[in-house]
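Trainee: I have a new model open and want to learn how to read its pockets and helix packing. Where do we start?

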Amino acid sequence: MNPKIRIVEEKVLSDNWYVLRKITFDYQRKDGSWERQSREAYDRGNGAVILLYNRERKKVILTRQFRLPTYTNGNPTGMMIEACAGLLDKDNAEDCIRRETEEETGYQVREVKKVFEAYMSPGSVTEILYFFVAEYNKEMQVGEGGGHAEEQENIEVLEIDFAAALSMIQSGEIKDAKTIMLLYHAKLNGFL
C-alpha cells in the first residue's frame, strides 16, 4: 500500500444497486505536509468486454440496448451501441466474457484473447474492465442472444461492417468508450 495515503474513514452511502462509499483519507503532498480529503467511490465490481470480429467478411458483432444514465444525460433515446460486456460476478474475466458473449449475442466463441485492461472512470468508479477480442463465424451461433429476460436487458444483436462501425464513431452513433477503444484497437492491429 502507498505510505503517502492513510484511510481515516469509510462510510457506505448506498448499497441499493451497487456500493457507494464516502472515503476520508489523509494524503501526503510533495512538500511532505498532509492534507485531509474526502471522495466518493462507486464499487460495481469489475467487468469484461469483447469485440467479436469476422476477418473474412470484415464485420463485427455489437449490441444495442437502453442505458438510463445516458438518457438522463442528453441521449434522447437512451439507446447505446456497444461491444458485448458484463460484470465478472464471481467468475474470472475469461469465463465471464464467454458467458456474456453467449447470453448477449448468441455466439459461443472458441478462442478469446485478452488484449488489455483499463480503469474506465478512475476518479469515481473502482471498476477495472478486461478487454478481449475473438473471431466469430456463423457456425459459432448457438442462439439468438438478447440477454436473459429476468435481467431486463432487451439486447438487440447487430452485425455491422467494420468500416461502418468506425464511421459510427465519427458520426456519434457509437459513443461508448469501451466499444470505441476495441474498434480502434482492431484497426491499429490490423484485425480487419
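Trainee: Which elements each supply at least two residues of the lining of the largest pocket?

Mentor: Remember that this is a predicted model. To read a lining, map its residues onto the secondary structure. Here β5 (59-66), α1 (68-71), β6 (79-82), β7 (84-87), α2 (93-105) and α4 each supply at least two lining residues of the largest pocket. The largest share comes from α2, with 4 residues.

Trainee: What volume does the largest pocket have?

Mentor: About 1,400 Å³. Its lining counts 34 residues. Closest to the centre are Trp17, Tyr18, Arg44, Arg67 and Glu82.

Trainee: How do the residues of that lining divide by chemistry?

Mentor: Sort them into classes, then count. The lining of the largest pocket has 13 nonpolar, 7 polar and 14 charged residues.

Trainee: Now the second largest pocket. How much space lies in it?

Mentor: About 280 Å³. Take its lining residue by residue. Ile23, Phe25, Arg39, Glu40 and Ala41 are among them, and so are Tyr119, Pro122, Gly123, Ser124, Val125 and Thr126.

Trainee: Which element gives the most to the lining of the second largest pocket?

Mentor: β3, with 3 residues. Both β2 (19-28) and β3 (34-43) supply at least two. By class, this lining divides into 6 nonpolar, 3 polar and 2 charged residues.

Trainee: Next, helix packing. At roughly how many degrees do the axes of α3 and α4 cross?

Mentor: Read a helix pair by distance, angle and hand. The axes of α3 (residues 162-171) and α4 (residues 177-188) come within 11 Å and cross at roughly 130 degrees. α3 is therefore oblique to α4. The crossing is left-handed.

Trainee: Which residues make the contact?

Mentor: List each side separately. α3 brings Phe162, Ala165, Leu166, Ile169 and Gln170. α4 brings Ile180, Leu183, Tyr184, Ala186 and Lys187. The contact residues of the pair divide into 8 nonpolar, 1 polar and 1 charged. Recall that α4 also supplies at least two residues to the lining of the largest pocket.

Trainee: Last, the whole chain. How many helices and strands does the secondary structure come to?

Mentor: 4 helices and 10 strands. Then read the order. From the N terminus, the elements run β-β-β-β-β-α-β-β-α-β-β-β-α-α.

Trainee: And what does the C-alpha trace span along its principal axes?

Mentor: About 60 × 35 × 35 Å.

Notes. Residues numbered from 1 in each chain as written. Predicted model: local features only at pLDDT ≥ 70, side-chain atom pairs only at ≥ 80, totals over all residues. Heavy atoms only, no water. Axes fitted to C-alpha atoms, helices over the stretch in contact; angles between N-to-C directions. Parallel < 35°, antiparallel > 145°, perpendicular 65-115°, else oblique. Left-handed = near helix turned anticlockwise from the far one by under 90°. Contact = heavy atoms within 4.5 Å. Nonpolar A, V, L, I, M, F, W, Y, C, P; charged D, E, K, R; others polar. 1 Å grid on protein atoms, 1.4 Å probe; cavity = no way out; pocket = protein on both sides within 12 Å on 5 of 7 lines; lining within 4 Å. Points joined across faces, edges and corners; volume = space filled by probe spheres on them.
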